[in-house]
Each structure stands twice: as C-alpha cells, then as structure tokens.
Amino acid sequence: MALRVTEEEFEALRRRIGVQRARDILRDYGAGDAKVVTPETKPKRIKYGNRRVELWGMKFDSQHEADVYLRLMADVKSGLYKCVMRQVRFDLGGGPNAGEKTRYQYVADFVTIDREDRAAVWDAKSEITRKNRTYINKKKQMLAEWGLEIREV
C-alpha cells in the first residue's frame, strides 16, 4: 500500500526539513514504499506567452532569443565580433540587508566581444518585458556597477 502525497505536499515538507528527511518521514508513515504521486496536469503557462525553442541542441526561452543568437553568430562569421557568449551571469549589489547568498544577479542573454576586446551586453526583450520594474532596476545597476549598457533587441 502506497501513501499518496501530492507534489505540493511533498514540496512543502521538503522545504521545511530537506529531501532525504522528507522521504524518510513518508516511508515511516506509508508502509515502506512511499512515493510522491504527481497529479496529471497540463503544462504550466509561460508568463509572457513565449514559446521555448531548441536550435542546434541549445535551448532558448523564446523564438525571438533564438533569432537574435542567429543574427549575432552571423556577425561573428562576418568578423564584426570575436565571439558570442550565452547566459552570462553578472553579480550585482544586493539590498541593504543582503548577505553573500542574497546578492542580486543579472543573467544576460548574450555578451559579445568585438575586435577591440570591448564587451557588449544584449538582451532579447519584448515591449512588455522591457517595462518590468525588476528588469529596469537591474539594467540601471548593470550600468552603475559594471559600466555596461544593456542593448535591447
């Protein structure tokens, strides 16, 4: 006999006490073969309605982001840039009570390095995501802390 636990119940228990301890507790109360039973649900709707795509084995959050990557790679082949890097993390200063674990990060969609070794940060944004308050604040922090302006495409 298996103890049926929903994914949400297991996740709440895991957050409080950790994965292994949660499994041990479920096993103690569930006749030895406790399993997490996930309910059949339809796929979660993506916040801005974008469609994730795969290109050459790489996953992109949207078709627009994949198109920007193709354009930047064409610029690399033409000699405009030396290289294109994807999903580059930049450490930003946290809030007034931020410790090491709570520092803000900005993940750039792309960073290009030109022939003069200058870096440029590119972000594939739609009109609606450009108005996101968190993004606007991180954009300002990137300029203030790193001296890099985000180029939105």
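The legends below describe close-up views of a predicted model.

**View 1. Helix H3 and its length.** Helix H3 covers residues 63–77, and at 1.5 Å a residue its 15 residues should span 21 Å, which agrees with the 21 Å that separates its end C-alpha atoms. Just after H3, glycine 79 adopts a positive phi of about 95°.

**View 2. The buried residues of helix H3 and the strands they pack against.** Glu65, Ala66, Val68, Tyr69, Leu72 and Asp75 are the buried residues of H3, a set that includes Glu65 and Asp75 alongside Val68 and Leu72. The strands against which the buried residues of H3 pack are E3 (53–55), E4 (58–60), E5 (81–92), E6 (104–114) and E7 (119–123).

**View 3. Strand E6 and its pairing with strand E5.** Strand E6 is mostly covered, with 8 of its 11 residues buried, and strand E6 is also among the strands that the buried residues of H3 pack against. Strands E5 and E6 pair in the antiparallel sense over 10 bridges, and within this part of the model valine 88 stands opposite alanine 108 in E6.

**View 4. The hairpin of strands E6 and E7.** Strand E6 pairs with E7 in the antiparallel sense over 4 bridges, and the bridge partner of threonine 112 is alanine 120 in E7. Between the two strands of this hairpin lie 4 residues, and in the hairpin aspartate 117 takes a positive phi near 65°.

Note on methods
Residues are numbered from 1 along each chain as its sequence is written. This is a predicted model: local features need pLDDT of at least 70, side-chain atom pairs count only at pLDDT 80 or more; totals for chains, interfaces and linings use all residues. Side-chain values use heavy atoms; hydrogens and water are left out. The expected span of a helix is 1.5 Å times one less than its number of residues. Buried means under 20% relative accessible area, exposed over 50%, partly exposed in between (1.4 Å probe, protein chains only). Contact means heavy atoms within 4.5 Å. Two strands pair if DSSP finds at least two bridges between them.
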